[in-house]
Every structure is written in structure tokens, then in C-alpha cells.
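Biologist: I've got a structure open and want to learn how to read its charged pairs and helix packing. Can you walk me through it?

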Amino acid sequence: MRALAAILAVILALPLASACVKLERQPIEKRFYALETARPAASVSQAAAPGVLLVRRLVVSPRATGRELVYRTAPGVWSADYYNVYFVTPADMLTQDLRAWLGAAGVCAEVVDPSSLAGHDYILEGNVTSLHGDLASKPAEAVVEMQFLLLKAGGDERKVLLTRDYRKTAPLASNTPQELIRAQREAVAAVYAQLETDLRAVLPKR
């Protein structure tokens with residue numbers, strides 16, 4: 001009887017052990033992305049305007065301040081992808097790429113950030129109002145919207161030299177995170193290229 005009872009106990013324990021094994025799932029790892037929007041090396045730089053341009057950290061809309069990739073899936077419906085995120089916050093990522101872009105373009109003799117002790121002649125401020133994938137549009141697309149303000153530094157009052165809104169889109173070939181990053185990089189590059197052109201139009205020539 002004892003042997004039979006032991007066998008029955010083992011048989012009854014097997015389903016419980018199996019259930020415990022099924023609960024042990026491997027956690028889903030996050031994937032990290034960076035836009036890395038760089039000015040094309042083939043682009044011809046024009047003569048730099050004299051002076052120093054200070055580029056402040058971009059301010060990002062609350063809808064896009066997090067590191068998760070964001071999608072508009074229907075009118076008034078938004079979704080954040082918890083498992084696919086930017087490597088750093090959009091504000092830091094876009095600001096770093098913008099400073100590098102304008103520095104490579106040579107719009108001014110020097111392009112610096114607020115931590116620099118160098119004096120500056122111009123101040124560029126910007127807001128990122130949209131940075132998402134729009135799956136509700138047909139065809140689906142990446143959407144980037146930014147606003148920029150260029151000020152002349154010096155004195156108590158600062159003169160506004162440029163204020164402009166930019167909206168660029170790029171079609172999505174698929175709804176994958178990798179494709180969204182590619183399309184966003186294309187749209188951001190289009191914004192920065194247009195901003196570069198506009199800055200050259202208002203900054204003094206040598």
C-alpha cells in the first residue's frame with residue numbers, strides 16, 4: 001500500500017511540476033535605437049557667418065518626452081512601444097545631432113552648447129512638437145514637427161531674426177521599429193536641411 005501511495009503521489013505531482021515550468025518565461029529584452037541624423041558629407045558648405053551660435057537644448061512635447069517609440073494608431077488614439085525605445089531621450093538625441101549638423105554645415109564660425117564659456121552672438125531655441133509614426137494615415141508615415149527661434153544676442157533686448165515651423169514626413173515601408181527609425185531619420189534630416197538654408201538667409205555674410 002505504501003508503494004502504491006508513493007506512485008500515486010508522484011503521478012499527481014507531475015502536472016503541478018509541468019505548470020511551474022510553463023510559468024518560467026524568459027523576459028522580453030528591450031531594443032534600443034538612435035536616430036543618428038548626420039549631415040551628408042557630400043553637401044557643400046558655404047562661407048560661415050562671423051560669430052558664435054549657441055544652440056540650446058531642444059524642448060520636446062510631453063507626448064514625445066519618453067524614450068518609447070510612439071505611434072498614432074487612429075484619430076485621437078496613441079500607443080507607446082515599451083520594448084522598443086530610443087537609446088537616450090529624444091531631447092538629448094535631437095539636440096546633439098542638431099549641433100553636429102550645424103557645426104558641420106559651418107553656418108557660423110563656431111557652434112556651441114550652453115556649457116561653453118565662450119561668448120555668443122546668436123541663440124537658437126527649438127521645440128519638437130511631434131515625433132511619431134502615424135499608422136492611421138494612408139500610407140503610414142513618420143511625422144516630425146519642430147519650431148525654431150533664432151535670436152541676436154547682446155544687450156537687454158534680443159532681436160528675433162527667425163521664427164519658423166517645420167513639418168516633414170517620410171513614408172513607412174512597414175510597421176517595424178527599424179523602419180520607423182529610418183523614416184524618422186529621413187524626416188529629421190529634411191527639417192535640419194531646411195533650417196540650415198533658412199539660417200543662412202538671415203545670418204550675415206562674410
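Biologist: Where does Arg164 fall, buried or exposed?

Modeller: Neither: Arg164 is partly exposed at 37% relative accessible area (buried is under 20%, exposed over 50%, partly exposed in between, with a 1.4 Å probe and protein chains only). This is a predicted model, where local features need pLDDT of at least 70, side-chain atom pairs count only at pLDDT 80 or more, and totals for chains, interfaces and linings use all residues. Residues are numbered from 1 along each chain as its sequence is written, and side-chain values use heavy atoms, with hydrogens and water left out.

Biologist: Which residue does Arg164 form a salt bridge with?

Modeller: Side chains of opposite charge can pair when their charged atoms come close. The cut-off is a side-chain nitrogen of Lys or Arg within 4 Å of a carboxyl oxygen of Asp or Glu. Here Arg164 pairs with Asp198, closest N and O atoms 3.3 Å apart. Arg164 sits in strand S9 (residues 159-171) and Asp198 in helix H3, so the bridge ties together parts 34 residues apart in sequence (helices are DSSP runs of H or I, at least four residues, strands of E, at least two, numbered from the N terminus). Asp198 is buried, at 9%.

Biologist: How many salt bridges are there by this rule?

Modeller: Nine. One of them joins Arg72 and Asp134 at 2.8 Å, N to O. Arg72 lies in strand S4 (residues 68-74) and Asp134 in strand S7 (residues 122-134), so that pair links parts 62 residues apart in sequence. Arg72 is partly exposed at 21%, while Asp134 is buried at 7%.

Biologist: Which residues are linked in a network of salt bridges?

Modeller: Arg39, Glu196 and Arg200.
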